Amino acid sequence: MNRHHGVDAFIGVGSNLSHPVQQVEAAFERIDGMPETRLTATSSLYRSSPFGGIEQPDYVNAVAGVSTNLDARALLEALLSIEQQQGRERDGSRWGPRVIDLDLLIYGSDTVDEPGLQVPHPGIAQRNFVLLPLGELAPDLVIPGLGALSSIAVNSDEPRIERIARI
């Protein structure tokens, strides 16, 4: 297996069940405890309206920055393990309520398109709950295939989003 060394990656973190702020904070702690991975930054927390039109509570969202020696697939597997540890049950539904949701958004300058793993995450440009916290951590980021993060328009009205806490 090809190992990368010190790759900077960004992880979307979200929750809208079981005390969402605590779920996000617990995920940050678990991410920092992953093998061969160091948490380098966390964004503010944002409250946002649910995405996808399903009636459910508002989300708390954030982004974590990491430096990792894991390859993209191993990093994703570690994130899925954290979701499971925090009580996430994957039933195949999209956009429903979540105890915790961890998405591998960016993995260095790599583009990956494999079954079960797409990097950069395909929805980045349409999701204010990713763009705002990611812009906090990496305002000069260039997203492979999309260009400069700063050039992607953020519509903070749809879905509604507001910063609620700085960690």
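Guide: Take the expected span of a helix as 1.5 Å times one less than its number of residues. The model here is predicted.

Visitor: What should H2 span at 1.5 Å a residue, and how far apart are its end C-alpha atoms?
Guide: H2 has 14 residues, so the rule gives an expected span of 20 Å. The distance between its end C-alpha atoms agrees with that value. Both come to 20 Å.

Visitor: Which elements does the protein chain hold, and how many?
Guide: From the N terminus, the order is β-α-β-β-β-α-β-β-β-α-β-β-β. The count is 3 helices and 10 strands.

Visitor: What percentage of contacts between residues at least 6 apart join residues at least 24 apart?
Guide: The chain has 167 residues, and 47% of them are buried. Now take its contacts between residues at least 6 apart in sequence. The share that joins residues at least 24 apart is 70%.

Visitor: Which element gives the largest share of the largest nonpolar core?
Guide: In soluble globular proteins, nonpolar side chains tend to be buried together. Here the largest nonpolar core has 28 residues, and Ile11, Val13, Ile31, Leu102 and Leu104 have the most contacts inside it. Elements giving two or more residues to this core are E1, H1, E4, H2, E5 and E7. The largest share, 6 residues, comes from H2.

Visitor: Which residues does Leu102 touch?
Guide: Leu102 is among the residues with the most contacts inside the largest core. Leave out residues up to four places away in sequence. The partners are then Ile11, Gly12, Val13, Ala27, Ile31, Leu79, Ile82 and Glu83.

Visitor: How many residues are in the other core, which lies apart?
Guide: This second core includes Tyr46, Val63, Ile106 and Leu134. It lies apart from the largest core. Its count is 16 residues.

Visitor: Within what arc do the buried residues of H2 fall?
Guide: The buried residues in H2 are Ala72, Leu75, Leu76, Ala78, Leu79, Ile82 and Glu83. An α-helix has 3.6 residues a turn, so residues three or four places apart point the same way. Seen down the axis of H2, the buried residues line one face, because they fall within an arc of 160 degrees.

Visitor: Which exposed residues does the face of H2 turned away from its buried side carry?
Guide: The buried side of H2 is covered by elements including E1, H1, E4, E5, E6 and E7. The face turned away from that side carries exposed residues. They are Gln84 and Gln85.

Visitor: Which residue caps the N-terminal end of H2?
Guide: Look at the backbone nitrogen of Arg73. A side-chain oxygen lies 3.2 Å from it. That oxygen belongs to Asp71.

Visitor: Which residue with a positive phi follows H2?
Guide: Its phi is near 95 degrees. The residue is Gly87.

Visitor: Which peptide bond is cis?
Guide: Most residues other than glycine have a negative phi, and most peptide bonds are trans. One bond here has omega near -5 degrees, which is cis. Its second residue, Pro120, sits in the loop between E7 and H3. The bond runs from Val119 to Pro120.

Visitor: What is phi of Ser18, a residue other than glycine?
Guide: Ser18 is in the loop between E1 and H1. Its relative accessible area is 46%, so Ser18 is partly exposed. Its phi is positive, near 55 degrees.

Visitor: Is Glu36 buried, exposed or partly exposed?
Guide: Glu36 sits in the loop between H1 and E2. Its phi is positive, near 55 degrees. Its relative accessible area is 43%, so Glu36 is partly exposed.

Visitor: Which backbone nitrogen lies 2.9 Å from a polar atom of the side chain of Ser43?
Guide: Ser43 is in the loop between E2 and E3. Its relative accessible area is 0%, so Ser43 is buried. Its side chain has a polar atom 2.9 Å from the backbone nitrogen of Val63.

Visitor: What separates the C-alpha atoms of Ala138 and Leu149?
Guide: Ala138 lies in the loop between H3 and E8. With a relative accessible area of 12%, against a cut-off of under 20%, Ala138 is buried. Beyond four places in sequence, Ala138 touches Phe10 and Leu149. Leu149 is 11 residues away along the chain, and the two C-alpha atoms are separated by 8.3 Å.

Key
Residues are numbered from 1 along each chain as its sequence is written. This is a predicted model: local features need pLDDT of at least 70, side-chain atom pairs count only at pLDDT 80 or more; totals for chains, interfaces and linings use all residues. Side-chain values use heavy atoms; hydrogens and water are left out. Helices (H or I, at least four residues) and strands (E, at least two) are DSSP runs, numbered from the N terminus. Buried means under 20% relative accessible area, exposed over 50%, partly exposed in between (1.4 Å probe, protein chains only). Contact means heavy atoms within 4.5 Å. A nonpolar core is a set of buried Ala, Val, Leu, Ile, Met, Phe, Trp, Tyr and Cys residues joined through side-chain atoms within 4.5 Å. The arc is that of the directions from the helix axis to the C-beta atoms. A polar contact is a pair of N or O atoms within 3.5 Å; within protein, one must be able to donate a hydrogen and the other to accept it, and residues adjacent in sequence count only if both atoms are side-chain atoms.
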